[in-house]
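Q: Before any feature is read, please set out the terms, beginning with the pairing of charged side chains.

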Amino acid sequence: MSADDEHRLARVALTWLAEPGTRVVHRLVERHGPVATLDLLLDGGSPDGWLHTTVAARSAAGDARAVAAEALERATRLGARLVTPDDEEWPARVDGLATLRLPDVSRRVDGETAPPLCFWVRGSWPLGEALDRSVAVVGARAATGYGQHVATQLGYGLAERDWTVVSGGAFGIDAAAHRGALNAGGLTVAVLACGVDRPYPMGNTALFDRIADTGLLVSEWVPGAEPLRPRFLIRNRVIAGGTVGTVVVEASARSGATQTARRAIYTGRVAMVVPGPVTSAMSVGTHELLREHPDKVRLVTGVAHVLEEVGRIGADLAPLARGPQRPADALDDDARSVIEALPRRGAMGVDRLAARAGVDVRTALRKLSLLEELSMVVRRDDGYALAPPAKPKRATAATAAETSVPT
C-alpha cells in the first residue's frame, strides 16, 4: 500500500472511530498526520477521556482499518469517491470551520465543529468547483405552501445565475430548493447525514437520483452509515461553512435550520432569512434569528436580495422596490398642486384654480399647458377639467383574428 493510500485509509478509519467534527482528532491529525493519529488512538493514547471511551467501544465492534478498506471498496462499486484535503477538488472553504466556536455550548455536538477529515462524493462535478459559488437554502421539513414556493423560486433563480444551490435533501424547504435548481438546469448539492448509498429520507429517493446524475451527493460518513439524529447537526456545519451564505426560508422555534444559520454566523458567512407571517409557527425561528442577531442576519425576499449579499460588491445590487410608474410621478410641485386642486367632476376657471392651488395665475397657466400636453387635463369653455380615463380598446374582428392562438 502506498503512503497516499495509507493516509486516505487512516482518514476514513478516524471518521468511523470518532464522529466527524471531533476537535481533538482534528488537532492530532494537523500535528501528527492521519496515520500516526490512528495508531495513537488505537493504542489507547487519546488525550481526551470521552474520546478514549468512544474509540474503545467502536474498536470492540470491528477493526477500524478493515472497516475503512471495506468502505472504500463499497464506494468503488457504487461509483462514489473519497475526497481528502490532499486532493485538488477539496473545497478549501470548509477549512474555515477550524475557527467556528458557538457561544453558550451545552451539548457536545455544538462544540465538536472542526473541519472534515474527508468526504464521500457521488456525482461527476469536482467538489471544490461545485461549492466555489454556492448558496445554502434550508428550512423546515413541515414547510407551508408559501415556504415551498419561495424556496423553489430561490433555487431556480440562483441556479439560473450560475450559483450552486446547497441543501440537506430533507422534505419541505430542502427538497423545494433542490428541485428549483434542477428545473433551471443548474447545479445542486445535497449534503447528507448518512452514507451516500442510503440517502435519507427514502421518500426523496427519486430526487437524490436526479441530484447524483447532474449534481453531487456528499457525506462525511462511510457508505451504509445510518442517519442518526446528532449527525444532522454535525452535517449542518458543512452546509454553513462550505457555502458563501445561508438562506433560511422557514424554521420553527427548534428547527435545525436555525442551527445552520448560527453556524454560518459564527463562521463569518452571510446569514439570511425570509420573513413570514407573524402568525405562522414555521416562521418563528427566522424572526427570532433577526431579533437575536440584527447586525449579522439580513432579511431577503428574493433572488435579487440574496445576490446582493453574496455577489460582487457594487455589481449585484438589488433594485429598489417601487410601485408602478404613474404619469404624475414626473410632475414638479407646482404642477402637482394644480392638478390636485382641480375638482373630481366639472371644470374650474384659472383664477379660482390658481388661488386654490396656492400659485399665481401665470404659473397656473404654464402648468395647465404642460398638463394638457400630457393628456392629464382638458380645456373647456368654462375652464379646465381632469381628462377622462382612457377607455380600453374594443377588440375588432380583425384584431381578434390576429391574436387568436392556432389550434
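A: A salt bridge is a side-chain nitrogen of Lys or Arg within 4 Å of a carboxyl oxygen of Asp or Glu. Side chains of opposite charge can pair when their charged atoms come close. The model is predicted, so local features require pLDDT of at least 70 and side-chain atom pairs pLDDT 80 or more, while totals for chains, interfaces and linings use all residues. Residues are numbered from 1 along each chain as its sequence is written, and side-chain values use heavy atoms, with hydrogens and water left out.

Q: How many salt bridges does the rule give?
A: The count comes to 14 salt bridges. In one of them, Arg58 pairs with Glu19, with the closest N and O atoms 3.3 Å apart. This pair links distant parts of the chain, since Arg58 belongs to helix α4 and Glu19 to the loop between α1 and α2, 39 residues apart. Helices (H or I, at least four residues) and strands (E, at least two) are DSSP runs, numbered from the N terminus.

Q: Which residues are joined with Glu19 into one network?
A: Two further examples come before the network. Asp39 and Arg65 form a salt bridge whose closest N and O atoms are 2.7 Å apart. Asp39 lies in helix α3 and Arg65 in helix α5, so this pair ties together parts 26 residues apart in sequence. Arg107 forms a salt bridge with Asp110, the closest N and O atoms being 2.9 Å apart. As for the network, salt bridges that share partners join Glu19, Arg58 and Arg231.

Q: Is Asp110 buried or exposed?
A: Buried means under 20% relative accessible area, exposed over 50%, and partly exposed in between (1.4 Å probe, protein chains only). Asp110 is buried, because its relative accessible area is 9%, whereas its partner Arg107 is partly exposed at 40%. In the Arg58 pair, Arg58 is partly exposed at 24% relative accessibility, and Glu19 is partly exposed at 22%.

Q: How many residues of α11 are buried?
A: Helix α11 is mostly covered, with 11 of its 13 residues buried. Among them are Arg231, Leu233, Ile234, Val238 and Ile239.

Q: How should a nonpolar core be read, and which residues have the most contacts inside the largest one?
A: A nonpolar core is a set of buried Ala, Val, Leu, Ile, Met, Phe, Trp, Tyr and Cys residues joined through side-chain atoms within 4.5 Å. The largest has 33 residues, and those with the most contacts inside it are Val12, Leu14, Val25, Leu41, Leu51 and Trp120. Two or more residues of this core come from each of α1, α2, α3 (34-42), α4, α5 (64-78) and α11. Helix α1 gives the largest share, 7 residues. A second, separate core has 30 residues, including Leu100, Leu102, Leu216 and Val248.

Q: What does Leu41 touch, apart from residues up to four places away in sequence?
A: Contact means heavy atoms within 4.5 Å. With those residues left out, Leu41 touches Leu14, Val25, Leu28, Ser46, Leu51 and Val55.

Q: How are cavities and pockets told apart?
A: Rolling a probe the size of a water molecule over the atoms shows where empty space is left. On a 1 Å grid over the protein atoms alone, a cavity is a set of points where a 1.4 Å probe fits but cannot get out; a pocket is an open set with protein on both sides within 12 Å along at least five of seven lines, and lining residues have an atom within 4 Å of a point. Grid points are joined across faces, edges and corners, and a volume is the space filled by probe spheres set on the points.

Q: How many cavities result, and what lines the largest?
A: There are 2 cavities of 30 Å³ or more. The largest holds about 60 Å³ of space, and its lining includes Leu14, Glu19, Val25 and Pro115. The second largest holds about 50 Å³, with Phe119, Leu131 and Val238 among its lining residues.

Q: What is the volume of the largest pocket, and which element supplies the largest share of its lining?
A: The volume is about 830 Å³. Of the 31 lining residues, the closest to the centre are Leu233, Arg254, Ser255, Gly256 and Ala257. Helix α11 supplies the largest share, 7 residues. The second largest pocket has a volume of about 250 Å³, and of its 15 lining residues Glu19, Trp50, Arg108, Pro230 and Ile234 lie nearest its centre.
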